[in-house]
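Here are a few exercises to work through with the structure open beside you. Try each task on your own before reading its solution.

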Amino acid sequence: MKLRSIALAVAALLSSATARAEGYLKVEGTQIVDDSGKPVILRGMGLGGWMLQEGYMLQLGEVGQQHIIRAKLVELVGEDRTADFYRAWLDNHTTRADIDQMAKWGFNSVRLPIHFDQLTLPADKEPTPGQDTWLEDGFQRIDRLLEWAKASRMYLILDLHAAPGGQGNDLAISDRDPTKPSLWESEENQRKTVALWKKLAARYKDEPWIGAYDMINEPNWSFATPGKGNGCDETQSETVWALQQRITQAIREVDAKHIVIIEGNCWGNNYKALPPAWDANMAISFHKYWNRNDIASIADMVKMRASYGRPIWLGESGENSNVWYRDAIALVEGEGIGWNFWPLKKIGFNQPLEIEPGHGWARIVAWATGKGPKPDADEAYAAMMALARNSRFDRNIPKPDVIDAMFRQPHGASYTPFVARTLEGVPLTTGAADYDLGSAGEAYHDSVDANYHVATGGKRAPWNNGTTYRNDGVDIALAADGAPYVTDFVTGEWMRYSADVAKAGRWTVTARVRSAKGGRIGIDESGVAIPAGTAWQVIKLAELDLPAGPGTATLRAIDCSDCEVSALIFTPR
């Protein structure tokens with residue numbers, strides 16, 4: 001079964017009949033509520049990569065910020081063709097189909113990371129210094145996104161992800177050019193930021209499906225050592241607070257209705273010396289990546305909610321495994337906190353939608369990162385336009401396991417089939433990588449199932465070593481024909497496979513396996529040996545007497561250091 005078919009089945013399973021929120025969101029005490037006063041738990045995704053490209057989302061993390069990536073593309077194909085690519089990217093990456101599908105999955109909000117250059121010129125490129133040129137095309141893109149969100153009854157949260165000048169030393173986040181004054185070093189950049197927010201608020205002041213204004217994404221700036229730190233040791237951050245107060249004041253001159261969201265220094269997490277609340281309709285964002293999902297990890301924010309008297313919102317999180325997603329969402333929802341994960345799509349496997357870049361893009365990546373020759377200009381242009389087309393929803397690869405981890409698993413769900421199977425009177429082959437949906441300990445067990453490097457202080461730990469197909473701990477690789485198979489299947493690991501048995505009977509279970517060193521796997525405690533060798537071979541695992549009805553088989557690595565499994569075959573006797 002293709003992943004798109006699986007995703008549609010999961011969407012049907014997860015679709016909720018619960019009523020959605022209505023009308024303007026507002027702050028009431030420490031809660032976000034709708035117009036009727038009903039508390040709202042925001043569940044959303046960020047549209048990272050659309051209006052602002054971070055290099056890692058394009059396999060160009062080594063290259064850096066968007067303006068550097070763009071310059072490399074200009075070097076390859078010229079200015080006009082690069083402009084063609086960026087127009088096609090903006091036209092294809094996010095469409096109504098994406099938003100409609102998000103609503104079907106169960107999301108009730110979407111966060112738009114805005115690059116200021118989609119809406120206004122950089123300060124040093126303004127024809128008249130101190131005045132603002134507004135770019136209507138960018139505003140119209142937001143208008144269309146709002147219409148799609150409104151049609152799906154989803155709240156759109158506007159997020160200034162790249163402020164004029166850039167707001168931190170994590171350069172790619174805000175496409176910052178460190179040779180120019182940052183947001184914090186330029187009064188003109190700050191003035192333009194305030195003016196931009198006033199322009200946005202005036203345009204959307206009467207739109208109830210605008211959920212909130214997230215004023216500055218992830219400030220990360222050490223004022224004592226400009227250009228060197230990320231603000232985690234700052235004890236005051238007066239400039240961060242002062243600018244957000246100025247933005248709030250400008251917004252309130254034209255819009256009294258919408259929530260404003262503040263973010264602290266240190267990527268939105270340092271709230272030391274936060275002034276008393278300066279607006280009645282204000283919420284506090286925090287971001288959470290790669291740490292433990294225990295109450296201690298959010299204790300300071302929960303305490304701040306009570307002492308500050310304003311709601312808190314997990315405004316950005318993600319880039320981890322399904323286990324981490326399930327645990328994080330269960331944690332914050334258990335405390336009445338909404339969430340927004342990151343991103344909806346990219347080149348990669350651990351988000352709801354995957355962009356398949358195409359073979360030509362790999363040659364551009366190799367050249368741009370110093371690992372390959374410079375492609376021909378026509379070849380590069382074709383690859384760029386193919387990537388832009390492949391960013392479109394109908395060409396994306398959906399990840400039903402990620403959606404399951406976000407919506408079903410946080411609420412105590414057990415395993416459920418990844419692929420519907422019925423054992424009838426004919427042999428059935430099931431891919432080893434198509435083990436059940438569900439959390440670790442329910443659908444599978446693997447020695448590594450998440451990345452906690454911020455908590456451990458160690459290196460980033462891969463969970464699925466093959467970084468493809470699924471986002472669990474199970475390690476999956478792709479064969480030459482693109483078929484997924486389980487790799488690095490080692491002692492103690494297991495996977496569960498559910499099926500409906502149409503009629504009681506006896507079945508022979510075999511597996512297509514290989515192990516260079518030899519090993520032992522089984523669906524019982526004793527298992528069978530895998531002869532050492534590099535070629536795939538089919539081995540008999542067991543004879544099973546199966547009653548009619550729902551059933552499961554669990555494949556275990558009993559004694560393995562390098563076992564691989566591509567398929568299980570059930571043959572009736």
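**Exercise 1: a charged pair within one helix**

E75 is partly exposed, with a relative accessible area of 46%. Keep in mind that the model is a predicted one.

Task: Find the residue with which E75 forms a salt bridge, and describe where the two partners lie.

Solution:
- Step 1. The partner is K72, and the closest N and O atoms of the pair are 4.0 Å apart.
- Step 2. Both residues belong to helix α2, where three residues, about one turn of the helix, separate E75 and K72.
- Step 3. K72 has a relative accessible area of 24%. Partly exposed covers the range between the buried limit of 20% and the exposed limit of 50%, so K72 is partly exposed.
- Step 4. For context, this pair belongs to a structure that holds 41 salt bridges.

**Exercise 2: two helices in contact**

Task: Describe how helix α2 (residues 66–77) and helix α11 (residues 359–368) are placed relative to each other.

Solution:
- Step 1. Two packed helices are described by the angle between their axes and the distance between the axes.
- Step 2. Here the axes of α2 and α11 come within 11 Å and cross at roughly 110°.
- Step 3. Angles of 65 to 115 degrees count as roughly perpendicular, so α2 is roughly perpendicular to α11.
- Step 4. On the α2 side the contact is made by K72, L73, E75 and L76, and on the α11 side by W361, I364, W367 and A368.
- Step 5. Sorted by class, the contact has six nonpolar, no polar and two charged residues.

**Exercise 3: following R111**

Task: Trace the salt bridges that R111 forms with E263 and with E316, and say which parts of the chain they link.

Solution:
- Step 1. Start with E263, whose salt bridge with R111 has its closest N and O atoms 3.6 Å apart.
- Step 2. E263 sits in the loop between β7 (259–262) and α8 (265–268), while R111 is in strand β4 (residues 109–115); the pair links distant parts of the chain, 152 residues apart.
- Step 3. Check the surroundings: E263 and R111 are both buried.
- Step 4. Move on to E316, whose side chain meets that of R111 in a salt bridge (2.8 Å, N to O).
- Step 5. E316 lies in strand β9 (residues 312–318) and R111 in β4, so this pair ties together parts that are 205 residues apart in sequence. E316 is buried, as is R111.
- Step 6. Salt bridges with shared partners join R111, E263 and E316 with D159 and D214 into one network.

**Exercise 4: the setting of β8**

Task: Is strand β8 (residues 282–288) enclosed or open, and which strands pair with it?

Solution:
- Step 1. Seven of the seven residues of β8 are buried, so the strand is largely enclosed by the rest of the structure.
- Step 2. M282, I284, F286 and K288 point one way, A283, S285 and H287 the other way, and all are buried.
- Step 3. β7 pairs with β8 in the parallel sense over three bridges; I284 in β8 is the bridge partner of I262.
- Step 4. β9 also runs parallel to β8, joined by five bridges, and F286 stands opposite L314 in β9.

**Exercise 5: a three-stranded sheet**

Task: Which strands are the edges of the open sheet ordered β11-β12-β13?

Solution:
- Step 1. The pairing in this sheet of three strands is mixed.
- Step 2. β11 (345–346) and β13 (397–398) are the edge strands, each pairing on one side only.
- Step 3. β11 pairs with β12 (residues 353–354) in the parallel sense over two bridges, and K346 stands opposite E354 in β12.

Key
Residues numbered from 1 in each chain as written. Predicted model: local features only at pLDDT ≥ 70, side-chain atom pairs only at ≥ 80, totals over all residues. Heavy atoms only, no water. Pairing = 2+ DSSP bridges. Helix = DSSP H or I, 4+ residues; strand = E, 2+ residues; numbered from the N terminus. Axes fitted to C-alpha atoms, helices over the stretch in contact; angles between N-to-C directions. Parallel < 35°, antiparallel > 145°, perpendicular 65-115°, else oblique. Contact = heavy atoms within 4.5 Å. Nonpolar A, V, L, I, M, F, W, Y, C, P; charged D, E, K, R; others polar. Buried < 20%, exposed > 50% of the residue type's maximum accessible area, 1.4 Å probe, protein only.
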